[in-house]
Every structure is written in structure tokens, then in C-alpha cells.
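Me: I am new to reading protein models, and I would like a close look at how helices pack against each other here. Please take it slowly.

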Amino acid sequence: MPDNQLDLLGNLQRSHMCGVLRAKDAGARVTLMGWVNRRRDLGNLIFIDLRDRSGLVQIVVDNEADPALHKKAENVRSEYVLAVVGSVKRRDAATENKNLPTGEIEIIAEELRVLNDAKTPPFSPSEQAIGNEELRLKYRYIDMRRPEMQSNIELRSRISLAIRKSLTDRGFLEIETPFMTRSTPEGARDYLVPSRVYPGSFYALPQSPQLFKQILMISGFDKYFQIVRCFRDEDLRADRQPEFTQIDLEMSFPTQDRVFEVVEAFLVAAFREGGIELKPPFLRMTYDEAICKYGIDKPDLRLPEMTDARKAFTEENLNALSLDPLLPVVAVRIPKVGELSRKERDDNKQLFSPKSGAKLIDDLKRLEKSFPEAVSKLRELSKAEAEDLLVLVAGGPANDRSPIAMRKAAEAVYTSAGAFRVALAQKYKEKHGAFRKAGTADDYRFLWVTDFPMFEYDDKEGRWNAAHHPFTSPHEEDFGKLLSDPGAVRSLAYDVVLNGTELGSGSIRIHRQDIQQLIFHALGMSVEEARSRFGFFLEALEYGTPPHGGIALGLDRIVMILAGAESLREVIPFPKTAKAVDLMVDAPTPVSPAQLKELGISVKT
């Protein structure tokens with residue numbers, strides 16, 4: 001039987017959201033519905049702060065006006081669900097709440113229905129900070145009542161809508177692709193779904209709709225997009241989840257410039273929803289430039305670029321310092337750090353990884369005693385000022401001087417310097433101010449990184465692998481190097497980067513079967529293996545495939561950045577923990593022996 005202390009909603013309909021009422025609404029009769037944020041009993045008057053996702057409003061229950069209603073309000077507690085009918089009254093100036101958007105008014109209750117009661121929650125949605133994240137995730141339905149979470153999820157919705165509108169206005173069609181597909185062993189691990197009808201066979205949840213969206217181009221749908229869920233069984237961190245949402249698009253007959261224009265347009269629309277007016281076009285930089293200037297393929301442009309310091313030293317200088325004259329010498333500058341003590345320098349060395357073979361020179365005063373001209377030239381090249389921190393990263397003498405080994409050694413110097421640059425910048429961010437969150441367009445430094453290497457060499461396997469994916473097109477002028485010098489082949493791959501975070505990755509695809517077969521051959525893949533893994537796609541290429549290309553951007557990351565959140569879990573309604581567990585529904589969980597038997601699966605513990 002229903003609890004006779006609770007009321008029924010009946011035909012009552014909400015007239016306004018709680019947070020929208022203002023002084024101009026004084027005198028109006030309204031019907032509000034929401035949760036009790038707080039109740040204050042002052043004797044003859046009971047004040048109830050009623051909350052919905054639009055905000056709070058104060059309800060007043062007067063004992064003198066309606067004793068029965070007052071008595072009913074005495075039993076109301078936090079998180080009870082109420083419907084309130086009453087009139088809007090302008091508060092006296094002395095009683096206005098300047099900290100509340102509805103603080104100029106209050107609702108004089110005429111009717112109060114208790115639609116549901118609530119146990120005392122493990123934490124209150126009105127709490128500003130809740131330190132125990134596991135508790136928040138277990139009781140996610142309470143956590144999402146908090147204003148911060150409501151704002152984040154609403155922002156996510158607005159951003160998604162803005163992106164959809166930007167793309168549909170440009171003639172893109174939103175088309176769904178399958179969630180149950182075949183496993184692709186390369187890259188991250190797949191989540192597998194056993195087939196009951198075909199015992200021993202499995203579907204896989206898609207890591208990306210990559211092949212399907214290319215087939216849509218073959219099918220004549222020349223502009224496709226989808227805001228789609230994808231799945232990867234990999235280790236988690238703050239900006240990674242096992243299931244995530246990406247903005248996926250593909251176009252026929254595109255140039256890189258055209259793809260960039262489309263992406264910049266929907267990013268402008270998305271960031272406008274976060275109150276930021278971006279200024280396209282975004283800066284562009286090749287992969288080689290990014291590595292040489294920033295030591296990473298996703299540079300943070302808010303910090304000074306690294307300096308090629310090789311010309312500050314003679315070959316004799318480098319030999320005296322036990323540095324290889326054929327490898328780079330890179331200067332890293334972090335502004336406004338000031339002079340460091342010996343202990344601070346020792347602490348900073350812990351941020352530097354020497355595993356790559358790169359060497360760190362962090363005591364320029366000592367270096368200046370032996371090489372004053374070199375240090376003077378170094379300061380000039382790097383434009384270092386007196387308060388700036390300046391260090392050098394260089395390569396020690398190389399034993400293997402083969403082209404591949406020297407190329408790797410040079411890249412190791414750049415990447416070691418780049419990682420050290422970011423670590424130092426994070427440590428001294430309060431001094432240099434580059435990581436401030438002032439919320440202007442200048443604080444969001446976008447960049448297109450282009451011309452990624454087509455292949456990367458696997459020392460353990462002794463072969464070349466696709467750096468992006470094997471369906472990425474090489475530069476036309478590099479076709480002749482595919483078999484003779486794979487390491488020098490550039491791809492038509494590109495990333496869009498924001499403040500050191502990769503937002504998305506894409507490429508112009510291979511649309512000719514002869515070139516696709518050539519790429520597979522360069523990867524050491526036999527015709528039989530290629531047919532076994534990608535046969536359906538290779539066959540589709542034989543039926544008039546247009547040139548095409550596209551990109552996928554992480555929606556979760558975009559919302560996280562615009563919300564000013566530190567973790568993706570702050571902008572995803574129902575996220576997993578760092579151990580890939582859903583604490584609210586208690587998943588994953590074992591299934592019954594009967595289910596396993598039906599699927600033909602046995603579990604080994």
C-alpha cells in the first residue's frame with residue numbers, strides 16, 4: 001500500500017523552474033516542484049529552500065495564515081520531493097539575499113504536497129567540496145544534484161547541440177554505425193561480446209567507427225558525422241575512460257584545409273557555449289617543427305618554445321662536455337622563476353629522465369666559467385632574461401651511428417627536453433603564470449600538428465608499424481620512399497591540440513587499393529593476412545572509392561576543459577573509477593553459470 005503520509009501529484013503541473021523567478025514576477029501565482037535543499041524553522045515561520053536544476057528559491061510557510069500547512073511543513077526534511085503552489089512576493093530590502101539570483105523574492109505557500117520522502121543522504125548536494133570520490137560515484141544520483149555537476153552536464157548538452165547544428169548547417173548527415181562489430185587486434189584491447197548463436201565467436205565493441213565511416217564515403221554519403229560512444233579496454237587516468245564519446249566525421253573529396261575549416265567552425269560554436277570566443281584560423285605546425293621547438297607532438301603554446309642552442313657551442317666545446325656534435329643541443333626557458341638554490345636544482349633533476357641517453361646541464365653559472373662566450377650566445381639565442389630559468393638538454397656520445405639510430409637519438413634529446421620543460425612549467429606555474437584560467441580566448445591556444453611520420457620502427461619486433469593507422473595516406477611526393485626509406489615517409493595525418501592536450505586526430509585516407517596494398521607490404525603484412533583482417537574493406541575499395549578524410553575529437557575532453565574540471569569524471573554522468581568499475585550499479589560482476597553455459601564459456605580464475 002502507498003504511504004498515506006505522502007501526496008499524489010494528480011493533475012498538478014509545474015508552471016516555473018525554481019531558479020527563474022525574479023522581482024518582475026511579484027504577484028504571480030506559481031506551481032514549483034523540486035527537492036528540499038534546506039529547511040529552517042523559526043517558530044511561526046518555516047523557510048524551505050526548494051531546488052531544481054535551475055537553482056534555488058525560498059518558500060515561506062506561515063503558521064498564522066495556515067496552521068495545517070505549517071504543521072505539514074514541520075515534517076519536511078532535506079531531499080524530500082515537494083510540489084508547492086503559492087504567490088511570488090517581493091522581499092523587503094533588508095531581507096534580500098544578494099548571493100542568490102532569486103534573492104529578491106520568496107514564495108508564500110498556499111499548498112504543499114510531499115511527493116516523496118528521503119533517507120538522510122551520505123552527503124548533501126549543497127556541500128561545496130566532497131573529498132571522497134568513491135562515495136560520490138557510488139551515490140552518483142545524489143552527486144549529480146549538486147550545482148557543479150548540474151552545470152557541467154547542462155554545458156555538455158549545449159556543446160553537443162552547438163556541434164550538431166554547426167555540422168548539419170554545412171550539409172553533414174548524422175548516421176549511426178554498429179556497436180557490435182569484428183575485433184581489430186591492433187591498438188588498444190577490444191571489449192568482446194560473446195555470440196550465443198555462434199559459440200566461440202565474438203563481436204567487439206568499436207574503438208572507433210573508422211572503417212564504417214570510410215565505407216559510408218564509398219556509399220556516396222559525402223558528409224558524415226556522429227557523436228558516438230567508443231570503447232577501449234585500456235588503463236585509465238584522469239583524461240581517459242573505458243567508454244568515451246567522440247565527435248566523428250568524414251568527408252569525400254576534401255583537402256586538409258577543408259577538414260580544418262569544418263573542425264574550427266564547430267569548435268568556435270562549442271567554445272561559445274562556454275563563454276569563449278575563439279579566433280580562427282588556428283596556428284599550424286608540422287610534426288618535425290613541434291618536436292624540435294617543443295619536444296612533444298602536442299605542444300602547449302602558452303610556454304616559450306625551446307631554443308636550438310647548437311650554434312652557441314663550437315665542436316671543441318661539445319667534445320669537452322662529452323656531448324655528441326651530431327646531436328641536438330636544446331635550451332629550455334621557463335620565465336620568471338628566479339635564482340634557484342642547489343637543493344632546488346637537485347630536486348629539479350628528479351623531474352628529468354636520463355633513460356633516453358639525453359644529458360641535462362642545469363648549472364649555467366658553472367658552465368659560464370669554462371665557456372663564457374657560449375653561455376653569452378645561449379642567452380642571446382633563447383632571449384632569456386635575468387629572472388628566467390634556463391637549462392640545456394643534449395645528447396651524449398652515440399655508439400650506434402646508423403641513420404635510424406641517430407634519428408632516434410636526436411628525437412630522444414628533443415622529447416626529453418620537452419618532457420622536462422612541461423614538468424618545470426607545472427612546478428613553477430605560480431611564478432610564470434602561463435597556466436592561468438582567466439577565461440579569455442588568449443588562454444586557449446589551439447594548434448594543428450601536421451605531417452606526422454607514416455611509420456615508426458619497433459626495435460623489439462625489428463619492423464615498421466603504422467604510426468597512425470594503416471589506412472592513412474602518405475604524402476604523394478613520398479610514395480617512392482615507402483619501401484626504400486619508410487622512416488622518411490610523411491603521412492597526411494593531423495592532430496588538433498589545445499594547451500598541451502590532444503583534442504582529436506585524423507587524416508586523409510587511402511582510397512586506392514594499389515596504394516593500400518603497398519602500405520600493407522611496407523608493414524610486412526602478407527596479402528593473405530591483409531585479406532584475413534580487412535578483406536571486406538579491401539573489397540569495398542575496388543568499387544569506386546572517392547578520395548576522403550576525416551577526424552575524431554573527444555567530446556569529454558572538450559567539456560572538461562570548458563567546465564574547468566580536473567577529470568573527465570566531472571563531466572560524464574555515469575563514469576567508471578580509475579579501476580574501470582561502476583560503483584553505482586556494481587559492474588562488472590560475475591554472471592550465472594547458466595548464462596555462461598548458454599554462451600559456451602568457461603571461466604578460469
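Which residues in helix 5 meet which residues in helix 15?

Reply: This is a predicted model, and a general point helps at the start. Two packed helices are described by the angle between their axes and by the distance between those axes. Helix 5, which covers residues 210-218, packs with helix 15, residues 527-540, at an angle of about 20 degrees, and their axes are 10 Å apart. Because angles under 35 degrees count as roughly parallel, helix 5 is roughly parallel to helix 15. The crossing in which helix 5 passes helix 15 is left-handed. As for the residues you asked about, helix 5 contributes Leu-211, Gln-214, Ile-215 and Ile-218, and these meet Phe-534, Phe-536, Phe-537 and Ala-540 in helix 15. Sorted by class, this contact of helix 5 with helix 15 has 7 nonpolar residues and 1 polar residue, with no charged residues.

Another pair can be read in the same careful way. Helix 4, residues 147-169, and helix 16, residues 555-563, have axes that come within 10 Å and cross at roughly 125 degrees, and helix 4 and helix 16 are therefore oblique to each other. Their crossing is right-handed. On the side of helix 4, the residues in contact are Asn-152, Leu-155, Arg-156, Ile-159, Ser-160 and Ile-163, which meet Leu-555, Asp-556, Val-559, Leu-562 and Ala-563 in helix 16. By class, the contact of helix 4 with helix 16 has 7 nonpolar, 2 polar and 2 charged residues.

Definitions and conventions
Residues are numbered from 1 along each chain as its sequence is written. This is a predicted model: local features need pLDDT of at least 70, side-chain atom pairs count only at pLDDT 80 or more; totals for chains, interfaces and linings use all residues. Side-chain values use heavy atoms; hydrogens and water are left out. Axes are lines fitted to C-alpha atoms, for helices over the stretch in contact, and angles run from 0 to 180 degrees between N-to-C directions. Helices (H or I, at least four residues) and strands (E, at least two) are DSSP runs, numbered from the N terminus. Angles under 35 degrees count as roughly parallel, over 145 as roughly antiparallel, 65 to 115 as roughly perpendicular and the rest as oblique. A crossing is left-handed if the near helix is turned anticlockwise from the far one by less than a right angle, and right-handed if clockwise. Contact means heavy atoms within 4.5 Å. Ala, Val, Leu, Ile, Met, Phe, Trp, Tyr, Cys and Pro count as nonpolar, Asp, Glu, Lys and Arg as charged, and the others, Gly among them, as polar.
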